Every structure is written in C-alpha cells, then in structure tokens.
Amino acid sequence: MFTPKYPPQDTAPPATATVIPAAVQPSAPAPIAPAASNRPTVQLTPGSALALAAGGGAVVLVVGAVLVSMLLAVAITGVSVAVVAVVLRLLIKDLHNHR
C-alpha cells in the first residue's frame with residue numbers, strides 16, 4: 001500500500017564516446033539528439049489550459065480570503081484587548097478614588 005511506484009527505466013543503449021583527432025575536429029560541436037523516452041508527453045489543449053488557469057485563480061482567491069480573514073481576526077482581537085485594558089484601568093482608577 002505504501003510502496004513507491006517508480007516509472008519504467010529507459011531501455012536505450014548507452015551512447016558510446018568516439019575520440020576524434022584534434023586536426024579533424026569541427027569548429028562547432030554537433031548537436032546531440034535527445035534520448036528516446038517511453039514516457040508520454042503532456043499536451044495542453046486550450047480547454048485544459050483554461051481549466052488549469054481557472055483552478056489556479058480559484059486557489060489564489062481561496063488562500064487570499066483565508067489569510068485576510070485571519071488578519072482581520074487578529075486585528076479584532078487586538079482592538080478588543082485594548083478596549084478591555086482601558087476599561088479595567090478606568091475601573092481601577094475609579095476604585096482608588098472612592099477610598
């Protein structure tokens with residue numbers, strides 16, 4: 001159940017290196033063709049690209065809304081603690097004045 005699944009290994013034979021004498025070497029290196037792969041390529045159609053963009057936008061909006069609501073909760077808590085501190089200070093001051 002928790003064993004990892006690895007993709008199949010490439011079966012292409014390893015490239016062999018050939019030594020070219022210095023007098024015969026070309027001025028520019030020849031391009032090397034990429035090795036063939038058995039893995040399927042991912043092709044995005046316009047519809048799937050649009051769905052991907054819409055999904056990404058929705059994720060950004062949801063994460064933004066969660067972060068803003070958390071910031072608002074912290075701000076409201078800070079203001080209410082400050083109001084309670086002022087009220088307690090006034091009550092203590094009033095208590096000392098009546099003695």
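**A single-helix chain and its nonpolar patch**

Ala-12 is partly exposed in this predicted model, with a relative accessible area of 44%. That value earns the label because partly exposed covers the range between under 20%, which is buried, and over 50%, which is exposed. Ala-12 belongs to the segment before α1, the helix that spans 46-97. Along the chain, Ala-12 and Ser-37 are 25 residues apart, and their C-alpha atoms are separated by 8.2 Å.

Turning to the chain as a whole, the secondary structure is quickly described: there are 1 helix and 0 strands. Burial is just as easy to summarise, as buried residues account for 0% of the 99 residues. The accessible surface of the chain amounts to about 9700 Å². Carbon and sulfur atoms contribute 73% of that surface.

A closer look at the surface brings up a nonpolar patch. Its members are Val-79, Val-83, Val-84, Val-87, Leu-88, Leu-91 and Ile-92, and together they present about 630 Å² of accessible area. Val-84, one of these residues, lies in helix α1. With a relative accessible area of 48%, Val-84 is partly exposed, because this value falls between the 20% and 50% limits. Val-84 in the helix and Ala-12 in the segment before it thus offer two handy places to begin when viewing the model.

Terms used
Residues numbered from 1 in each chain as written. Predicted model: local features only at pLDDT ≥ 70, side-chain atom pairs only at ≥ 80, totals over all residues. Heavy atoms only, no water. Helix = DSSP H or I, 4+ residues; strand = E, 2+ residues; numbered from the N terminus. Buried < 20%, exposed > 50% of the residue type's maximum accessible area, 1.4 Å probe, protein only. Patch = residues over 30% accessible without salt bridge, like charges linked within 9 Å, V, L, I, M, F, W, Y side chains within 5 Å. Areas by Shrake-Rupley, 256 points an atom, 1.4 Å probe, with all protein chains shown as cover. Salt bridge = Lys/Arg side-chain N within 4 Å of Asp/Glu carboxyl O.
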